[in-house]
Amino acid sequence: MTDYSQTDIYTDISLVDDPWPYFEYLRERGPITPLPHRNVLAVTGFEEALAIYADPTSFSSVNSVTGPIPDLPFAAEGDDIRGQIADHRSQIPFGMEVSGLDAPLHAPMRSLLMPLFTPGRLKAMDAGFRHVAEGLIAQFPASGKVEFIRDYANPLATLIITELLGIPRQDRPIFRKYFAQGTAAEVGASADVIATNPLIEMGMRIAGYIAARRAEPQDDLLTQLALARFPDGSEPSLEQAARVASFLFGAGQDTTVKLLGNAFRLLCERQDLQGELRADSTHIPNFVEEMLRYEGSIRASHRLCQRTTEVCGYTIEAGTTVWIANLAVNRDPRRFVDPSTFDMDRPRLKEHLAFGRGSHTCAGAPLARAETRLSLELLLRRFADIRIDDRHHGAEGSREFRYENSYVLRGLSELHLIFGESARSV
Ligand code: HEM
């Protein structure tokens, strides 16, 4: 039995590949339980996570991406630190991104994004998204041997966001290069590395597009963003507009890549499910939803308690970091019957917290669902037999998989598959 009593989730890489026993250890200690380092409370209970997401007055999102690393640039004082957070926001990594903002700054920035993800907009983009996915599938080698993360999921996620925004085609390879490597919130990395925001360089490029669209509008989403107004009618600065656009890559890239990887690993390990979805593609949306609950791609999100408060009978003091373990929360047996079983027929499939909840709930969830469904639909229709490549992962029964070394993401760093027996063309 592993002794987890001194485990530091931010440095212990042994939790990366298999975090499940640790989550059960925490759950046994209660749905909210203190960790031994960095003044962090771990949340594994569904009801408790929901209560925290629903209370942005007490829980700031300023540390949502990086959690307690690096240290706050101030020493928390008293039962209400909202003023201190406001004074230091710009010094906190990712604190100025839409995911890190609190009221009253958050809603206006979020309002710039929401028109990008309406059902009508996504429907209009469907043919473009298919074209992107089919282009990647057409490049699969004749052997069918594909490193799925590198050769499909990663470029798909980048190219779909560039397609959505209308980034000029000739510039898209540059964006693919930005996301070909690198890990978010790497376990054990130095505070300087964690605090580095890769979106800044890309934001400068996007600011250039937006400035050009303001001068000469075109028929694309970058123009819509360039000309958007805040709800009070004021014009976003160039920096604000570029920041939300570039944040889409930060939020929508690795999350989608990892979900695709987790989904295809399961589909290959469960050939019965693969057969079921191939025989009847109307089950794909339920598969995606249950996948998000069963093994979504966000391992955890953070909050900073900014006002001492009580959550489900537990007092949380201002200055405490709250670590919401989304993976564990989605397997809370008090909420989900038989939570470790993958069951596409469970009731209320969409209740999971894989996309968070509340005012910061994932803005790109409709896009993430659309990309995952589309990939399943196209690949299952095109290939009659998709399997794990034993040469890389070992034979059935003794397989090995490496997961991305991140304390916020959950997903494979590599997934070697063999796409066989072309059924019909896409
Ligand atoms: C499977 C894929 C995805 C997962 C699991 C996921 C998960 C999440 C979660 C859990 C949050 C909330 C974080 C918090 O409350 O601290 C979030 C926020 C966000 N996500 Fe996603 N996401 C995914 C894909 C996407 C995509 C494709 C986009 C857009 C291209 C996107 C854009 C955003 C944005 C803009 C936010 C911040 C919203 C706000 O703070 O108001 N996400 N996502």
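1. Nonpolar core. In this predicted model, the largest nonpolar core holds 109 residues. Those with the most contacts inside this core are V43, A49, I52, V322, I324, A325 and L417. Helix α7, residues 148–165, contributes the largest share of the core, 11 residues.

2. V322 and its surroundings. V322, one of the residues with the most contacts inside the core, can be followed outward from there. Neighbours within four places in sequence aside, V322 is in contact with L41, V43, I52, F59, H302, R303, C305 and I316. Two of these contacts, V43 and I52, also appear among the core residues with the most contacts. R303 is in addition the bridge partner of V322, which lies in β8.

3. The sheet. An open sheet is built from 5 strands, in the order β1-β2-β8-β5-β3, and its pairing is mixed. The edge positions are taken by β1 (32–34) and β3 (59–60); each has a single partner strand, so one side of each lacks a neighbour in the sheet. In general, strands of a sheet pair through backbone hydrogen bonds, either parallel or antiparallel.

4. Pairing, strand by strand. At one edge, β1 pairs with β2 (residues 40–43) in the antiparallel sense over 3 bridges, and I32 has V43 in β2 as its bridge partner. Between β2 and β8 (residues 321–324) there are 4 bridges, and these two strands run parallel; A42 is bridged to W323 of β8. Strand β5 (residues 301–305) is joined to β8 by 4 bridges as well, but in the antiparallel sense. β8 thus stands between β2 and β5 in the strand order.

5. The β1–β2 hairpin. β1 and β2 form a hairpin with 5 residues between them. In the turn, R38 has a positive phi of about 65°.

6. Ligand shell. There are 27 residues around the ligand, and G252, T255, G356, C362 and G364 come nearest. Four helices each supply at least two residues of this shell: α5 (106–113), α12 (238–252), α13 (254–269) and α17 (365–382). The most comes from α12, with 4 residues. By class, the shell has 14 nonpolar, 12 polar and 1 charged residues.

7. Helix α14. In α14, residues 271–279, the buried residues are Q274, L277 and R278. Viewed down the helix axis they fall within an arc of 100°, so they line one face of α14. As a general point, an α-helix has 3.6 residues a turn, so residues three or four places apart point the same way. The face turned away from the buried side carries D272 and A279, which are exposed. The buried residues of α14 pack against α13, α15 (284–295), α17 and β9 (383–388). Of these partners, α13 and α17 also supply residues to the shell around the ligand.

8. T162 in helix α7. T162 is found in α7, the helix that gives the largest share of the core. T162 counts as buried because it has 21 C-beta neighbours inside 10 Å, against a cut-off of 20 or more. Leaving out neighbours within four places in sequence, its contacts are I167, R172 and F175. T162 and D220 are 58 residues apart in sequence, while their C-alpha atoms are 11 Å apart in space.

9. Cis peptide bonds. One cis peptide bond joins I69 and P70, with omega of about -10°; P70 lies in the loop between β3 and α4 (82–88). Another joins A103 and P104, with omega of about 5°, and P104 is in the loop between α4 and α5. A reader checking the backbone may wish to look at both places.

10. Positive phi outside glycine. F94 has a positive phi of about 70° although it is not a glycine. F94 is found in the loop between α4 and α5, the loop in which P104 also lies. F94 is buried because 22 other C-beta atoms lie within 10 Å. C312 is a further non-glycine residue with a positive phi, here about 50°, and is found in the loop between β6 (309–311) and β7 (314–316). With 14 C-beta neighbours inside 10 Å, C312 counts as partly exposed.

Note on methods
Residues numbered from 1 in each chain as written. Predicted model: local features only at pLDDT ≥ 70, side-chain atom pairs only at ≥ 80, totals over all residues. Near = placed C-beta within 6 Å. Nonpolar A, V, L, I, M, F, W, Y, C, P; charged D, E, K, R; others polar. Buried ≥ 20, exposed ≤ 12 C-beta atoms within 10 Å, placed from the backbone. Arc of directions from axis to C-beta. Contact = placed C-beta atoms within 7 Å. Pairing = 2+ DSSP bridges. Core = buried A, V, L, I, M, F, W, Y, C linked by C-beta atoms within 7 Å.
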